Amino acid sequence: MLSPNSTFYPRPLGVTPASSLPQSPSAPLETSRQLVGDDQQDAYYFRSLEEAGIKLNGPQISAVRHGRGPILTLAGAGCGKTTVLAARAGYLMEVSGVHAGSILLVTFTNKAAAEMKDRIAALPGIRPAAARAVQARTFHSFALTLLRHYGVQEDIFGESRAQHTVLKMLLRQNGMSEAFQPESLLAMLSAWKMQGSDTADLPEKTQDERDAKRVLLGYESWKQDRGKMDFDDILLRAAALLRDPAVLKPLQRRFQYIMVDEFQDTNRLQYEIVQMLAGAHRNLMVVGDDDQTIYTFNGARQESILEFDKVYPGARIVTLDINYRSDARILGLGSELVARNKRRRDKRLRAAGQRGDAPRFATPSNAEEEAAWVVNQICEQVEEGQFPYRDIAILHRTASSSRAVFEQLVLKDVPFVQHGAAPVFYDQSLIKPLMDHMRLSLNPRAMDALPSALGPLYVSRDAGLEYIQRCEQEQAKKYPLIHLSKWDKLKPFQQEQVKERIKLIKSLHKLKPIIAIQEMRRQFYDKYMESGDPTIFTHYKETMLETLDEFEAAVKKFETVEEFVQFADELSRRHREMESLRRAQDSDAVQLMTIHRAKGLEFPCVYWIGASEGIVPHSTALRQDIPEDQKAALTVQQTDAELDMALEEERRLAYVAITRAKQHLYVTSPASHHGKPADVSRFLLEAFGMEVPDKRKPREEARSGSTSSSSNHGHASYNRNNNGNSNNGNSNNRSSNGNWKSIGNAKDEGRRENGKGGTTHQTSSYVQHDRQRSAINHKDHREMEMLDERDEDRLSEKRGSGIIRDHKAFSTPGLHPKVAATTSTSSASTHADSTRSGVDKAERTETVAVWKCSSTKCKAWLRQKPAVPSGKATKKANSGPPVCPLCSGTMIAGTRQVPMTNRFGK
């Protein structure tokens, strides 16, 4: 049963009340008005900007004034990089006398390019003709214009559905209809091309590689025969054209000043194009943030920023570190979180944004409760006039992780826009065949459901439907699928499979939905979906299994197949009615999107859902946390370096989620994920100073080893004095076969990193009752007085379904912080024999007064308030036993053993 009311706290579960909330320092108030004196030569330009309301800070002024030569502008989240790019274009024209047509500004989206041109046109003193002459383009727009100029006339073949149709046709022609997924083939091909490689050079060492290559070469031939090219072809052919000096040199002479926005998102081929254009004069300004490199699955390379001053020796580096977006506490949380990454340029953002509220955290029992809490609170906020719907965003990690909140929004008639135009979860191509099998169990003659049943029978959909319809005209059957059992084009074992499948369909409506789905997966569906080369399609399979697990989690609350199918159909109907909101530009609707899609956006109020282990960080980045015997069974082995890189990208993703919020941030960490216990994301605990042990190290080594302080994580930062020498260059030394493997695991592209040795057998997820704890940071006790009083005694909280988890995150008195960080905190039973369990003897327990739930079925408990001096007693202190936070029952006085500590961990 879901808890009707959400409870948000000032700290995540697992963080002691004595831990301070990270907070960014305040930024200086000086702007160009104070920093640029009237006696300076370019003062008139900054005065005109100020009159237009554009007041630049110190780092922004430095970037805008940059003249010739390469410059790397590190632009932290919300630090005004678009303003800097536009202002520098104006400075070049107005102060430096550069012709507008000599400026090329490259970005990634048409919207960003249009905004840049509008910003430049709005600058004081810039004539409309000059604003139009500045070339603000996307990479693809620039490349396509170049190709058209040199006579390339092929049509653009960029619609993904059409591409999938062609690939399916080629797969059928080659007898491989069930061997490969079109999405995976296209991802492979795209990643290969974005490395600058030709399709003819695709590897062919194994039979699977040869089969995939044959299909992809057929795809390339199909496009060529019909005069078509896709988006990757545009960049690939433009780069090839630029290698001709007769083409390149005129462009180098024309574009004397080149600026690149969102530089961290460039792939190898895009970077090569930029380098060629800037090769003659090196007047290159790149603006980006390595902490926001979250598109490695599209080929984005963090090395572009980390190694920029190696590629361009003597390059200036300017850091835009004043954030105008977020509350200092929201910014502090994000900054402290991402600072744990090792491969990054060192920067600490300072806050200049409007003050809001401190981040709030909750631990619902599962995704269903999480969705109910979030949507209920959104409704309350809107009803109370705190926000319109449009000011609220819900961010999630993967498409499947939004299923529960999607349903709550639809069922409660909350207007929302789901970015990405994804279908209702139950209408997804992966889920629909299972749904249609259940529909056929309720109505065997549901002809709309028949096509989905043919694929898992390895029957051509078009030919199979045509045969069934022809037979139906001659003699209708209660189960039209039975006609296939007599189709002479099927082999005898396939005809027998048809009969067995019909038997299964007949039985499904008698089962609970969860049992029906598990039975279909066991008998045929998992095997059907897992067809294809296991070493190439790992990511697709991981996504598939995650989606199917989410499907099982979704149906647990339904008792009958009929009830569930009706619910799914109603959900689809109501969602179609709300689709018009997406087409309305300024509709008042909640914004629902993945964290990846949210990059570059900002919202007054953000809900980040799914901040739990296995979600963020994603399970694919946590393989070091599984036992060695299980790791050995993985289809694709990943090195520690690759896993480190994957984990750092997950941490950057969390940073992006947090820094989308302006004034209000709510973070929810479900205690279970797909029916399995899930701890609060390690990223949140680390941001509060908790040391999360490296599970790949042996226990004794982890227990005796020292840890670095939270203020200095011992990271090899990349800055002016450290050019990233810790990089071993693995990213630039991959073999052809290595490229192919990285392409197959498309979402893990670019995970190349120095690793840490050592592995060990693991027991369960990383934060447990016996987990290691770090010392508490005592630096700022004033923060404690700002915290919600109820959170100080929140020593237990619901975990999973009805399971109570002790909230044991305490420091050990008398221990040095580094020693305390490596000392395990054990449960009460373990304390009884600490010598046997290997727990440090300095760790002691004490008996304290608590409130216990009177119900024998509920194990909730709360620590009682310490006695206060008479005269200072508050009304709340004398109000009697509290209400049980889990079952709302009566609580009674009792005692409990807990690790010995005090309020501030002194």
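1. Helix α18 (residues 403-411) lies across β12 (392-396), β13 and β14 (590-594), running at about 145 degrees to β13. Here lying across rests on contact, meaning heavy atoms within 4.5 Å. Helices (H or I, at least four residues) and strands (E, at least two) are DSSP runs, numbered from the N terminus. Axes are lines fitted to C-alpha atoms, for helices over the stretch in contact, and angles run from 0 to 180 degrees between N-to-C directions.

2. The model is predicted: local features need pLDDT of at least 70, side-chain atom pairs count only at pLDDT 80 or more, and totals for chains, interfaces and linings use all residues. Residues are numbered from 1 along each chain as its sequence is written, and side-chain values use heavy atoms, with hydrogens and water left out.

3. The strands under α18 belong to an open sheet of 6 strands in the order β11-β16-β15-β12-β14-β13, with parallel pairing; two strands pair if DSSP finds at least two bridges between them. Since β11 (360-362) and β13 (416-418) are at the edges and each has a single partner strand, one side of each is left without a neighbour in the sheet. From one strand to the next, the twist averages 20 degrees.

4. Within this sheet, β15 (residues 603-608) and β16 (residues 661-668) pair in the parallel sense over 5 bridges. W608 stands opposite V667 in β16. Helix α29 (residues 640-658) lies across both of these strands and β12, at about 140 degrees to β15.

5. A further open sheet has 6 strands in the order β3-β2-β6-β7-β1-β8, again with parallel pairing. Its edge strands, β3 (135-138) and β8 (316-320), each pair on one side only. Neighbouring strands are turned by 15 degrees against each other on average, direction ignored.

6. In that sheet, β6 (residues 257-260) pairs with β7 (residues 284-288) in the parallel sense over 3 bridges, and I258 stands opposite L284 in β7. Helix α4 (residues 81-94) lies across β1 (71-75), β2 (103-107), β6, β7 and β8, at about 175 degrees to β6. Helix α7 (residues 139-149) lies across β2, β3 and β6, at about 105 degrees to β3.

7. The count comes to 11 cavities of 30 Å³ or more, a cavity being a set of points on a 1 Å grid over the protein atoms alone where a 1.4 Å probe fits but cannot get out. The largest holds about 60 Å³, a volume being the space filled by probe spheres set on the points, which are joined across faces, edges and corners. Of its 10 lining residues (an atom within 4 Å of a point), A399, S402, Q418, P423 and Q428 are the closest to its centre.

Methods
On a 1 Å grid over the protein atoms alone, a cavity is a set of points where a 1.4 Å probe fits but cannot get out, and a pocket is an open set with protein on both sides within 12 Å along at least five of seven lines; lining residues have an atom within 4 Å of a point.
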